[in-house]
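Please take the sequence and the model together and follow one residue at a time. The text below starts inside the chain and ends on its surface.

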Amino acid sequence: TWTEKNHNAKSTVTICQVVSNRIFFFATIISTMAWVCMSIPLSTVGLVLNQLDPPLSDRAVEATFIAHFLGMFLPGLGTGKFIQKFGFRAAGLVSIALYIFATVLNIFAQPGEPVLWIIGQFFVGMAWNLGFTSATVMLSTSCPPDDRELACRTQSYSDFVSFLGGGIITISAGYMLDSNHVDNILEGWQLLNYIQFLFIGIMLAVILMHGKTEKGQQKMYTQALAEDN
């Protein structure tokens, strides 16, 4: 474990070393997939609900968005304790399970029936909370935690990639929803949710692969400390 006694290593570990190692890569991919899997339903559900036949009531539409944002932020009261007790990989796996559950609900949601829309969006938000937070904690292990400047630069580089990915998929999702390949808005919505499983699968693969990188990462810090001493 990297401790405050290892403070000299920050003069050797560079941002280039951090962003080129696999832990940074894995954490950034997980963070990006968490944003993508949240952005697809959030950016399109409003368009879908407004064009359903029969449509949902205004109150049901409001409840759907409220449920999503409650799912995003309310679990934050306990996410830190969960990760502290079970680890960030466990949080990532729970996030994936919630994304799968929410996506299945979204696929089966039907016009005029608000329950699945509301519950599905709530769990999408909760899945994002756990997934993004677990990726952030994982990212913190990619550089010496006592080097604040390096940690801030590492986080900003990772966030840039994640937000860029989320932005690109938001634009793409709107285009696919209105594509000529679907006959109606509900079919477009279901197609997007089927595509969602691809990104969930990538997220799962990266989390399972992460354990193999930890020993190599610790070795890099140990070598850096030895060089300074």
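Asn129 counts as buried because its relative accessibility is 6%, where buried means under 20% relative accessible area, exposed means over 50%, and partly exposed lies in between (1.4 Å probe, protein chains only). Asn129 belongs to helix H6, residues 114-140; helices (H or I, at least four residues) and strands (E, at least two) are DSSP runs, numbered from the N terminus. The side chain of Asn129 comes to 2.7 Å from the backbone oxygen of Met72. Such a polar contact is a pair of N or O atoms within 3.5 Å; within protein, one must be able to donate a hydrogen and the other to accept it, and residues adjacent in sequence count only if both atoms are side-chain atoms. Leaving out residues up to four places away in sequence, Asn129 touches Gly71, Met72, Phe73, Pro75, Gly76 and Thr79, a contact being heavy atoms within 4.5 Å.

The model is predicted: local features need pLDDT of at least 70, side-chain atom pairs count only at pLDDT 80 or more, and totals for chains, interfaces and linings use all residues. Residues are numbered from 1 along each chain as its sequence is written, and side-chain values use heavy atoms, with hydrogens and water left out.

What does the protein chain consist of, in helices and strands? It has nine helices and zero strands, and along the sequence the pattern reads α-α-α-α-α-α-α-α-α. Of the 229 residues in the protein chain, 47% are buried. Among contacts in the protein chain with a separation of 6 or more, 84% are between residues 24 or more positions apart.

One place to see such distant parts of the sequence meet involves Thr28 and Ser158. Thr28 lies in helix H2 (residues 22-51), while Ser158 is in helix H7. The two residues are 130 apart along the chain, yet their C-alpha atoms are separated by 5.4 Å. Thr28 counts as buried because its relative accessibility is 5%, and Ser158 counts as buried because its value is 2%. Apart from residues up to four places away in sequence, Thr28 touches Leu139, Ser158, Val161 and Ser162. With neighbours within four places again set aside, Ser158 is in contact with Phe24, Thr28 and Leu139. Within H2, the side chain of Thr28 also reaches the backbone oxygen of Phe24 at 2.8 Å.

Phe24 leads on to Tyr157, which lies in helix H7 (residues 148-177). Is Tyr157 buried or partly exposed? Tyr157 is partly exposed, because its relative accessible area is 38%. The C-alpha atoms of Tyr157 and Phe24 are 9.7 Å apart, with their positions 133 residues apart in the count along the chain. Outside the residues up to four places away in sequence, Tyr157 touches Ile15, Val19 and Phe24.

After H2 comes a loop that runs to helix H3 (58-73), and Pro54 is found in this loop. The peptide bond that joins Asp53 and Pro54 is cis, with omega about 5 degrees.

Next, helices H5 and H8. H5 has 21 residues and reaches 30 Å from its first C-alpha to its last, close to the 30 Å expected at 1.5 Å a residue; the expected span is 1.5 Å times one less than the number of residues. H8 has 26 residues and reaches 38 Å, close to the 38 Å expected. At the start of H8, a side-chain oxygen of Asn184 comes to within 3.1 Å of the backbone nitrogen of Leu186. The buried residues of H5 include Phe88, Ala91, Gly92, Ser95 and Ile96.

On the outside, Ile100, Val104, Phe108, Tyr194 and Phe197 make a nonpolar surface patch of about 470 Å². Helix H5 (88-108) and helix H8 (185-210) are the elements that give two or more residues to the patch, and H5 provides the largest share, three residues. Patches are made of residues with over 30% relative accessible area and no salt bridge: like charges are joined within 9 Å, nonpolar side chains (Val, Leu, Ile, Met, Phe, Trp, Tyr) within 5 Å. A salt bridge is a side-chain nitrogen of Lys or Arg within 4 Å of a carboxyl oxygen of Asp or Glu. Ile100, in H5, is partly exposed because its relative accessible area is 35%.

Methods: Accessible areas come from the Shrake-Rupley method with a 1.4 Å probe; for residues, only the protein chains shown count as cover.
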